[in-house]
Amino acid sequence: MTIKNNIINLTQTLPPGCQLVAVSKFQSPDKIAEAYDAGQRLFGENKVQELVQKYEACPKDIQWHMIGHLQTNKVKQIAPFISMIQSVDSERLLAEIDRQASKYNRTIPCLLQVHIAMEETKFGFSEEEVRSIIEKADAFNHVQIAGLMGMASFTTDRNIVHAEFSGLKHLFDLLSHAELPGGVVMKELSMGMSQDYLIAIEHGSTMVRIGTAIFGERTFTP
Ligand SMILES: *Cc1c(COP(=O)(O)O)cnc(C)c1O
């Protein structure tokens with residue numbers, strides 16, 4: 001299968017209302033160009049340096065999403081152009097995104113990353129923390145909290161993955177029906193990767209983040 005076919009097949013498989021984020025981390029600009037030629041415009045990266053390099057090298061109508069852990073001191077490098085930051089995992093980070101976005105007179109859409117997996121190492125808020133940060137969102141004028149993002153456990157046990165995505169969808173629905181402050185909308189529910197996107201779709205994902213199932217193994221060193 002070529003990258004082009006993978007993009008076309010995936011795009012046709014996804015339900016209406018579910019967007020494909022092509023995760024191009026550790027994939028060469030040539031491969032990005034192939035996906036671009038198939039019509040893909042939304043790409044995800046997880047390292048600031050690689051993201052900035054690719055932004056500079058690639059067509060300017062690409063929308064870039066940051067999907068990896070972001071250090072506060074690096075926000076300024078992506079603030080001028082980033083379309084969405086899906087991996088907001090602290091209030092301090094949100095405050096810094098707000099500060100940098102204001103410099104460019106932008107409003108940057110952000111997702112709150114929720115910790116749903118069993119693994120200790122994955123970043124993200126607890127449900128309590130999500131609620132508390134949403135309550136404080138009025139203080140931020142240059143970020144829009146646009147929804148939630150989560151990563152399921154790395155496991156072959158599909159029941160666990162179902163339970164984790166179902167839990168995140170439940171929180172998303174609860175928040176959607178709650179009274180939210182200005183600057184907060186529950187529009188995007190980003191969940192699902194190459195291994196588990198079909199399960200994520202069953203649970204109402206609006207954004208799947210797919211890398212290896214499109215591009216193959218990650219071999220490029222930026
Ligand atoms: C790498 C990555 C993906 C894509 O993973 P694949 O298994 O290659 O589809 C999705 N989301 C995040 C946050 C990632 O870091």
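Two strands are said to pair if DSSP finds at least two bridges between them. Helices (H or I, at least four residues) and strands (E, at least two) are DSSP runs, numbered from the N terminus. This is a predicted model, in which local features need pLDDT of at least 70 and side-chain atom pairs count only at pLDDT 80 or more, while totals for chains, interfaces and linings use all residues. Residues are numbered from 1 along each chain as its sequence is written, and side-chain values use heavy atoms, with hydrogens and water left out.

**Strand β1 and its partners**

Strand β1 covers residues 19-23, and 4 of its 5 residues are buried (under 20% relative accessible area; exposed is over 50%, partly exposed in between; 1.4 Å probe, protein chains only). Its pairings with β8 and β2 are set out below.

| Partner of β1 | Partner residues | Sense | Bridges |
|---|---|---|---|
| β8 | 207-210 | parallel | 4 bridges |
| β2 | 42-45 | parallel | 2 bridges |

In the pairing with β8, Gln 19 stands opposite Met 207. In the pairing with β2, Val 23 stands opposite Gly 44.

**Helix α3**

Helix α3 spans residues 48-57, and its buried residues are Val 48, Glu 50, Leu 51, Val 52 and Lys 54. These buried residues pack against α2 (29-37), β2, β3 (63-66) and α4 (75-78), where contact means heavy atoms within 4.5 Å.

**Helices α6 and α7**

Two packed helices are described by the angle between their axes and the distance between the axes. For α6 (residues 127-135) and α7 (residues 158-177), the angle is about 25° and the axes are 12 Å apart. Axes are lines fitted to C-alpha atoms, for helices over the stretch in contact, and angles run from 0 to 180 degrees between N-to-C directions. The two helices are therefore roughly parallel to each other, a term for angles under 35 degrees. Glu 127, Val 130, Arg 131 and Ile 134 of α6 meet Leu 171, Leu 174 and Leu 175 of α7. The residues of this contact divide into 5 nonpolar, no polar and 2 charged; Ala, Val, Leu, Ile, Met, Phe, Trp, Tyr, Cys and Pro count as nonpolar, Asp, Glu, Lys and Arg as charged, and the others, Gly among them, as polar.

**Pro 181**

The loop between α7 and β7 (184-191) contains Pro 181. Pro 181 is buried, with a relative accessible area of 18%. Not counting residues up to four places away in sequence, Pro 181 touches Ile 134, Ala 137 and Asp 138. Pro 181 and Pro 16 are 165 residues apart in sequence and 28 Å apart in space, C-alpha to C-alpha.

Technical notes:
Angles under 35 degrees count as roughly parallel, over 145 as roughly antiparallel, 65 to 115 as roughly perpendicular and the rest as oblique.
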